[in-house]
Amino acid sequence: MNASVEPAAVTATPARPAKRRKPLPKPLAFCARLCRERPLGAVGALICLLLLFTGIFADLIAPQGYNAINPIDRLKAPSAEYWFGTDQLGRDIFARVVHGARLSVIVAFAATTLSIVISALLGILSGYFGGRLDMFIQRLVDGWMCFPDLILLIVAVAVLGPGTWQIIVILGLLFGISGSRIVRGAVLSARQNVYVHAAQSMGASSTRILWHHILPNVMAPLIVLYTTRLAAVILAESGLSFLGLGIPPPSPSWGGMLSLDGRSYMFQAPWLAIIPGIALTVVVFGINMFGDALRDMLDPRMRGGSGRYLARVKRAIGV
Amino acid sequence: MNMKADVTRRTLLDVQDLHTVFEKDGNEVHAVNQVSFDVKEGEILAIVGESGSGKSITAMSLLRLIPSPPGRIVGGRVLFNDQDLLDLDDEQIRRLRGRDIAMIFQEPMTSLNPSLRIGRQLAEPLRVHGSVPKEKVRERCLELLRQVRLGDPEKRLDAYPHELSGGMRQRVMIAMGLACLPKLLIADEPTTALDVTVQAQILELLRDLVRANNSSMMLITHDLGVVARYADRINVMYAGRIVERGTAEEIFHHPKHPYTLGLMESMPRLDQAPGSRLTPIPGQPPDLSDPPPGCPFHPRCRFAEARCRSERPPLEQITDNHWKACWVDTDAKR
């Protein structure tokens with residue numbers, strides 16, 4: 001009801017039909033949908049954001065660093081001074097968990113990105129070009145998948161030695177190769193689309209078809225693969241560190257904290273094991289929930305979700 | 001206006017003994033068997049046949065779009081402007097696709113990528129072949145959409161395929177096919193998925209645009225009614241072979257091959273007595289991995305003689321503008 005609008009301002013705005021409600025920008029609209037349809041997924045997303053935030057700003061949150069030894073305060077229970085207690089060397093568990101988050105973030109994102117690149121490359125080559133190349137790649141993948149993951153990991157670490165980048169490469173390779181199957185399947189079905197034939201018939205090159213017509217089609221499975229792999233990589237890294245094959249101490253890997261310190265003092269100072277355990281559980285739970293929600297929302301066949309379907313069925317039968 | 005008897009025109013496409021096989025469970029399926037035909041400049045040639053007669057495979061063989069394996073072109077020549085397309089390397093044939101010979105597929109609902117805007121897809125042939133400078137692509141797209149009489153072209157360019165109806169999508173596909181002004185347009189059942197009123201519009205549009213561009217068109221269809229109105233000449237295909245050929249008028253009014261006769265009788269007509277029944281062709285098309293000996297049509301043919309079961313009839317000229325592959329004088333027997 002603003003009557004004093006200047007005439008100049010009115011003429012400046014181009015004559016556009018008034019929209020009833022301005023639609024939200026895409027990412028925001030997606031977030032709104034996430035909260036509405038998958039509240040648990042939204043919680044997961046929040047946990048992921050928290051993990052990222054902690055990882056990035058670890059130095060600000062725990063400025064004393066993860067390795068500040070304070071022998072007088074060793075094995076202190078959680079208190080106002082040491083929120084999560086201290087370990088046998090008097091190091092602040094809170095600081096170690098926070099810096100452990102950074103380590104987890106680095107390993108998780110680097111290894112997952114690597115694995116997705118490998119999956120996409122192998123899957124697209126194999127699925128799109130087919131024939132002998134497909135045969136060759138798939139038999140290699142078969143061979144690789146014959147071995148239990150843990151055996152492969154142990155052998156690889158034994159060869160390369162423990163360390164952050166080694167873990168990234170090994171996990172990236174491991175998850176990348178097994179994930180290529182999923183990408184290949186998506187490519188195989190995308191390749192059947194008439195519009196791929198149509199693009200061929202108008203003279204588009206293979207690279208062009210892959211880039212413009214196949215890749216957008218496998219984007220949704222790739223995103224889902226990414227989120228589910230993130231959690232798996234974090235778990236795998238912790239598992240390796242727990243076995244002493246991962247990132248060597250004193251780096252504050254959650255898995256390492258669980259095993260080295262946690263196990264030795266489990267009865268005297270249970271927080272040594274409980275705190276990193278909880279961190280691990282919460283993070284993996286969060287990522288998994290977020291990943292599930294993403295999968296359901298990006299997969300057109302699942303659009304609307306089972307919840308809505310159930311509601312519709314219930315309405316139909318009058319329950 | 002009578003282009004039908006015009007034999008003096010230059011031959012644009014000359015297909016000789018084209019032979020395409022598919023490998024299936026260790027058997028060879030002869031989907032296209034020794035097919036020869038030609039397309040003249042400015043002509044609309046129809047290829048008619050029921051599902052599985054090899055008409056689409058013929059079209060795809062021309063552009064070497066047969067999925068391989070399992071498909072393989074094992075023989076013949078495809079002379080386009082006196083150049084054998086089967087001799088070209090992959091890069092050369094790719095450059096030719098869409099620029100000299102374009103193809104329109106039968107399913108407008110799935111021929112467009114659902115995740116890309118119309119404008120970008122329409123621009124694809126132009127970009128691929130670089131036939132229009134980059135800054136003029138949009139302009140050309142608008143022009144094309146106007147040509148195919150799609151209303152509100154500015155808005156359509158930014159639309160996604162799901163926002164368009166089937167007929168509109170087929171118009172977009174036609175615009176894409178015509179984008180680079182191809183000399184030959186292959187339309188593979190362009191109206192099958194559309195309802196009847198839209199069918200007529202689309203076919204008229206196709207004919208007008210092909211005439212306007214001075215291109216030729218190969219119209220692949222199973223609908224003889226479509227053919228009669230829009231084609232200059234007709235090839236009737238059965239079981240991977242051409243069984244009858246002639247001008248549209250000739251085939252429509254004086255069909256000679258029993259298969260063509262059968263197609264005519266199985267088609268509803270306005271001049272039929274009300275309540276009269278259509279006569280279907282009995283039986284099924286033959287299994288092309290194990291075709292019957294002799295004439296492939298003889299198991300379903302009401303005129304079949306002893307000779308039909310043992311010897312395959314060649315495609316022979318019977319009048320100036322009429323060829324048929326049949327031993328029987330169907331006119332006498334009818």
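**Figure 1. The annotated domain of chain B in the predicted model.** In an unreviewed UniProt entry, residues 13–264 of chain B carry the annotation "domain: ABC transporter". This is a predicted model, so keep the confidence values in view as you explore. Across residues 13–264 of chain B, helix makes up 37% and strand 28%. The C-alpha atoms at the two ends of that span are 28 Å apart. Chain B has a mean pLDDT of 83, with 97% of its residues at 70 or more. Take care with residues 1–5 of chain B, where the pLDDT is below 50. That stretch has 7 contacts in the model beyond near neighbours in sequence.

**Figure 2. The largest nonpolar core, with Met218(B) in focus.** This core holds 109 residues, and Ala175(B), Met218(B) and Leu219(B) have the most contacts inside it. Helix α6 of chain B, residues 166–178, supplies the largest share of the core, 7 residues. Which residues does Met218(B) touch, leaving aside its neighbours within four places in sequence? Its partners are Val39(B), Leu45(B), Ile47(B), Ala59(B), Leu184(B) and Ile186(B). Apart from this core lies another one of 55 residues, among them Tyr82(A), Ala111(A), Leu153(A) and Ile167(A).

**Figure 3. A close look at Gln106(B).** You will find Gln106(B) in the loop that runs between β6 (101–104) and α3 (118–129) of chain B. Is Gln106(B) buried or exposed? Gln106(B) counts as buried because 20 other C-beta atoms lie within 10 Å, and the cut-off for a buried residue is 20 or more. Setting aside neighbours within four places in sequence, its contacts are Asp188(B), Glu189(B), Pro190(B), Thr192(B) and Ala193(B). Thr191(B) is also worth locating: 85 residues separate Gln106(B) from Thr191(B) in sequence, while their C-alpha atoms are 6.7 Å apart in space.

**Figure 4. Chain A, a chain of helices.** Chain A contains 13 helices and 0 strands. Of its 319 residues, 39% are buried. Among contacts in chain A with a separation of 6 or more, 68% join residues 24 or more positions apart. The unreviewed UniProt entry gives the annotation "domain: ABC transmembrane type-1" to residues 101–291 of chain A. That span is 85% helix and 0% strand, and its end C-alpha atoms lie 19 Å apart.

**Figure 5. Helix α6 of chain A, hardly covered.** Residues 131–146 of chain A form helix α6, which has 16 residues. From its first C-alpha to its last, α6(A) reaches 23 Å, close to the 22 Å expected at 1.5 Å a residue. How many of the 16 residues of α6(A) are buried? The count is 1, and the helix is hardly covered.

**Figure 6. Where chain A meets chain B.** Here 17 residues of chain A are in contact with 23 residues of chain B. On the chain A side, the elements that give two or more residues are α9 (194–201) and α10 (206–242). The most come from α9(A), with 7 residues. Sorted by class, the chain A side has 7 nonpolar, 9 polar and 1 charged residues. When you weigh up this pairing, bear in mind that the model scores ipTM 0.76 and pTM 0.72.

Definitions and conventions. Residues are numbered from 1 along each chain as its sequence is written. Chains are lettered from A and ligands numbered from 1 in the order in which they are written. This is a predicted model: local features need pLDDT of at least 70, side-chain atom pairs count only at pLDDT 80 or more; totals for chains, interfaces and linings use all residues. Two residues are in contact if their C-beta atoms, placed from the backbone, lie within 7 Å. Helices (H or I, at least four residues) and strands (E, at least two) are DSSP runs, numbered from the N terminus. Ala, Val, Leu, Ile, Met, Phe, Trp, Tyr, Cys and Pro count as nonpolar, Asp, Glu, Lys and Arg as charged, and the others, Gly among them, as polar. UniProt positions are given in the numbering used here, feature names are shortened, and annotations may be inferred rather than shown by experiment. A nonpolar core is a set of buried Ala, Val, Leu, Ile, Met, Phe, Trp, Tyr and Cys residues joined through C-beta atoms within 7 Å. A residue is buried if 20 or more other C-beta atoms lie within 10 Å of its own, exposed if 12 or fewer, and partly exposed in between; C-beta atoms are placed from the backbone. pLDDT is the predictor's confidence in each residue, from 0 to 100. The expected span of a helix is 1.5 Å times one less than its number of residues.
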